[in-house]
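Welcome, and thank you for taking a look. Please walk through this structure with me, one piece at a time.

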Amino acid sequence: MSKLVLKPNLSRADDFYAALLAEHETLTRDESDAYNARLLLVLANHVGDPDILAQALAAARK
Amino acid sequence: MSRIFETPLYPYQRSADQDAADPVRHPVIIVGAGPVGLAAAIDLAQRDVPVVVIDENDKVSFGSRAICFSKRTLEILDRLGVDPALTEMGVTWNAGRVFFDEREVYNFNLLPETGHKRPAFINLQQYHFEKFLVDRCRQLQSQGKPLEIRGNSKVSALRQQVGFVSLDVETPDGPYTLEADWLLACDGANSPIRRMMGLDFVGRVFEDNFLIADVVMEADFPTERWFWFDPPFNRGQSALLHKQPDGVWRIDLQLGWDIDREREKLPENVIPRLKAMLGDDVKFELEWVSIYTFQCRRMEKFRYDHVIFAGDSAHQVSPFGARGANSGLQDVDNLGWKLKAVIDGLADAALLDTYDAERVLGADENILNSTRSTDFITPKSEMSRILRNAVLDLAEKHEFARPLVNSGRLSVPCVYHGSPLNGPDEGDFPSRTRPGSPAVDAPIPGGWLLDTLDGGFHLLAINVNNAEPIEEAGFHVRVLELKSAGAGAIGERYLGNEKTAIYLIRPDQHVVARWREYSEKAIRRALRRALGNDLHGDVA
């Protein structure tokens, strides 16, 4: 089974975070929630592998 | 007890200039005797450029203020001949902890690279830092160097003339007029000089207040940087605890925007906040309390004809990341040798526009980083807060989220990439020492690399034995020959995948150019370029 990457893997983490905040800057709260939902579906599709996605769903649990 | 910041260090003394029939002209006048103005005075006086420093006060700054000084700053101070006891007095720290709500989310160790003379950071109160600089000024004076500090002297008017600046100065004995070929405005974020010139200082205002307290206590907190997001003792806000010398601890508490600043500063309001944070049984004494707000902004340009801005007068950042005073010292480092070359007629005044280009780049980098830290620490929208808290929650369990936690990205010196002064980069060399980078320190036989790069142009010749000293454009380029088998600090930092290297290094220790082999012609050409000879459009 492939393993979900939980070590740092973003090459420019601060740039990504700033870009993410910038996406939300002009959105209302509802629009922001919807944007996040679309974003996670886009990323899930890129990952593809159901084993990895199952591990990701678990990792996000509190 | 008389504290260091209560003792006049450069009390007012009447100057002969005040009795002169006509205004006396000085090559350089520096306005402001803070860390930046004093460092600039030392750099120029060491280069035999006469300087007069004017300050409206006569003491070092009140309260700890800038407390975190970077390795690059300490390296610059070494070049300026400041007593190394400064570094020893400072608290060296490498470890930190990040808390969210009631939990420790993670801890870190900066794990500083070995093979450097100076540590990554020290904590030291600004008043100690300034006192060391004043002491160095006095030492230079005793050696006959042309440096004067005039206390209780306030600039009340400024007139830009053709080729010089005229100033009115108010003193306890009344006003007088001075002239300067060059005026350095090192007069802080509220720069009166900038205001007199009607220049803009635009950027982002952050609607927030921070309480800073210097607390003297006998506590067994370790020498670590502790940062809290949304702690129980300061709900919805942040807090920082950091150790300084003399048993003084620095505490920063975020207070939010709608507060009564004068009321919050009263001890009866500050002490309960600190007790909530430190615990009821910790005995402490308040040394200094202040409330600050901040902005991230810079001037459009740092040079306006014969007036040059350096430090907070030119650019202002939020305090997260220690990018204020440290970037001001880098301004001075960049400016000193250029101004000397222009004053001596060895370079065109256009060289000073590269101070502007290179330090604007540095300021933008600092503003970007400190703005991002501020956005993380004080989220501006509900979604921004949700994302921030998600990062903190994930960071507790998963290592990947830790680099996203941003309680300040600590000051690193700017690489002047794309600078018009940079020359060729011919070889498969390490990225960290590419043209525009500050030379990276390394142990060498008998000492440290940066200690040998003492304010002039240098040629670093590694495994090359035919390099010769060069006289060019009025400068003497000295050669430092080193051997390296590839492993070790010199090999890792300067050779990379090459067997040999020639580095041309500027007086501020930044790399101009590097080659595999020695070529006198190429070095002469790169040196002239580093002096601004290619700035008029004839770049090959």
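**Cysteines, a sheet and a helix**

B:Cys186 is buried in this predicted model, with a relative accessible area of 8%. Does that cysteine have a partner, or what keeps it unpaired? A disulfide is a covalent bond between the sulfur atoms of two cysteines. The closest cysteine sulfur to that of B:Cys186 belongs to B:Cys137 and lies 12 Å away, which is too far for a bond because the cut-off is 2.5 Å. B:Cys296 is in no disulfide either, as the nearest cysteine sulfur, in B:Cys414, is 16 Å away. B:Cys296 is also buried, at 3% relative accessible area. Over all chains, the count of disulfides is zero.

Now turn to strand 5 of chain B, residues 95-100, where five of the six residues are buried. This strand has neighbours to visit. Strand 6 of chain B, residues 103-109, runs antiparallel to strand 5 and is joined to it by six bridges; B:Gly96 has B:Phe108 as its bridge partner there. The two strands form a hairpin with two residues between them, and B:Asp101 in the turn has a positive phi of about 60°. Strand 13 of chain B, residues 224-229, runs parallel to strand 5, again with six bridges, and B:Phe100 stands opposite B:Phe229.

Last comes helix 13 of chain B, residues 520-530, whose buried residues are B:Ile523, B:Ala526, B:Leu527, B:Arg529 and B:Ala530. Seen down the helix axis, these residues fall within an arc of 160°, so they line one face of the helix. An α-helix has 3.6 residues a turn, so residues three or four places apart point the same way. After helix 13 of chain B comes B:Gly532, with a positive phi near 90°.

Note on methods: Residues numbered from 1 in each chain as written. Chains lettered and ligands numbered in written order. Predicted model: local features only at pLDDT ≥ 70, side-chain atom pairs only at ≥ 80, totals over all residues. Heavy atoms only, no water. Buried < 20%, exposed > 50% of the residue type's maximum accessible area, 1.4 Å probe, protein only. Helix = DSSP H or I, 4+ residues; strand = E, 2+ residues; numbered from the N terminus. Arc of directions from axis to C-beta. Pairing = 2+ DSSP bridges.
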